[in-house]
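I opened a new structure today and kept notes as I went. Here is what I looked up, entry by entry.

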Amino acid sequence: MNETLKTLKERRSVRRYKAQQITDGELSAILEAGTFAPSGMGKQSAVMVVLQDKETISALSRINAEIMGNPAADPFYGAPTVVAVLADSGSYNWLKDGSLVMGNLMNAAASLGVGSCWINRCGETFDLPEGKEYLKRWGLGENYKGVGYCILGYADGDIPAPKPRKETYIIRP
């Protein structure tokens, strides 16, 4: 089977990570794949903010947990790398552009044996005053909106088996 199609079929969300950091080479390859995601009119409205320092990851995890109503949770599942994907909301396709970046990040990670998962509430995080402070710190204007967090790391345990595909996934009238 073609390696790309094999990766697409076998990629699964990982929700338990080892503390070990992924290599710089793996991270660079994953991020490069994100830069090659399609974007509306080629505007490349998305940006990827790479977080590997525990303090920032912990702070964003805390905000995320509060938004979801479970302050004791770790929405990032202990992943040592978090990529916040944001996009310039002044671009008509900002959400689609950022979503395609997220897909490329996760599929590239799977192709390298790195676990990943799309974590929600990124949009809500950067709408808050504390989130806007991060945007400012990173040199991004308030027009940048959160699309998703792509958490990355080595899986701690087995990767879940795929659920059966629904029969009505493809419709050919």
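The entries below go from the sheet to the helices, then to the cores and a few single residues.

**Ground rules**

I am working with a predicted model, where local features need pLDDT of at least 70, side-chain atom pairs count only at pLDDT 80 or more, and totals for chains, interfaces and linings use all residues. Residues are numbered from 1 along each chain as its sequence is written, and side-chain values use heavy atoms, with hydrogens and water left out.

**Entry 1: the sheet**

I began with the strands. My elements are DSSP runs numbered from the N terminus: helices are H or I with at least four residues, and strands are E with at least two. I found an open sheet of 4 strands in the order 1-2-4-3, with antiparallel pairing. Two strands count as paired if DSSP finds at least two bridges between them.

Which strands stand at the edges? They are strand 1 and strand 3. Each has a single partner strand, so one side of each has no neighbour in the sheet. I also looked up the twist, which averages 25 degrees from one strand to the next.

**Entry 2: strand 4 and its partners**

Next I followed strand 4, residues 144-153. It pairs with strand 2 (residues 81-88) in the antiparallel sense, over 8 bridges. Ala87 has Lys145 in strand 4 as its bridge partner.

Strand 4 also pairs with strand 3 (residues 115-119), again antiparallel, over 5 bridges. I noted three facing pairs here. Cys117 stands opposite Ile151, Trp118 stands opposite Cys150, and Ile119 has Tyr149 as its bridge partner. I added a textbook reminder: in a regular strand the side chains alternate between the two faces of the sheet.

Are these strands covered or open? I call a residue buried under 20% relative accessible area, exposed over 50%, and partly exposed in between (1.4 Å probe, protein chains only). In strand 4, 9 of its 10 residues are buried. In strand 3, 4 of the 5 residues are buried, so the rest of the structure largely encloses that strand.

**Entry 3: helix 4 and helix 2**

I turned to helix 4. It lies across strand 1, strand 2, strand 3 and strand 4, and runs at about 5 degrees to strand 4. Angles run from 0 to 180 degrees between N-to-C directions, and axes are lines fitted to C-alpha atoms, for helices over the stretch in contact.

Helix 4 (residues 94-111) also packs with helix 2 (residues 24-35), at an angle of about 145 degrees and with the axes 8 Å apart. Which residues meet there? From helix 2 they are Ile30, Leu31, Ala33 and Gly34; from helix 4 they are Val101, Asn104, Leu105, Ala108 and Ala109. Contact means heavy atoms within 4.5 Å.

**Entry 4: Met106**

I picked one residue in helix 4, Met106. Is Met106 buried or exposed? Met106 is buried, because its relative accessible area is 9%. Beyond its neighbours within four places in sequence, Met106 is in contact with Arg11, Ser116, Cys117, Trp118 and Cys150. I also checked Met106 against Leu31: they are 75 residues apart along the chain, and their C-alpha atoms are separated by 10.0 Å.

**Entry 5: the cores**

I then looked for nonpolar cores, meaning sets of buried Ala, Val, Leu, Ile, Met, Phe, Trp, Tyr and Cys residues joined through side-chain atoms within 4.5 Å. The largest has 24 residues, and Leu60, Phe76, Val82, Leu86, Phe126, Tyr149 and Ile151 have the most contacts inside it. Elements giving two or more residues include strand 1 (46-51), helix 3 (54-67) and helix 6 (129-137). Helix 3 gives the most, with 4 residues. Another core lies apart from it, with 21 residues, among them Leu27, Ala37, Val83 and Leu105.

**Entry 6: Phe76 and Asn64**

Leaving aside neighbours within four places in sequence, Phe76 is in contact with residues including Tyr17, Leu60, Asn64 and Val82. That led me to Asn64, which is found in helix 3. Asn64 counts as buried because its relative accessibility is 0%. Not counting residues up to four places away in sequence, Asn64 touches Pro75, Phe76, Ile119, Asn120, Arg121 and Tyr149.

**Entry 7: Ala161**

Last, I looked up Ala161, in the segment after strand 4. Ala161 is exposed, because its relative accessible area is 65%. Its C-alpha atom is separated by 37 Å from that of Leu135, 26 residues away along the chain.
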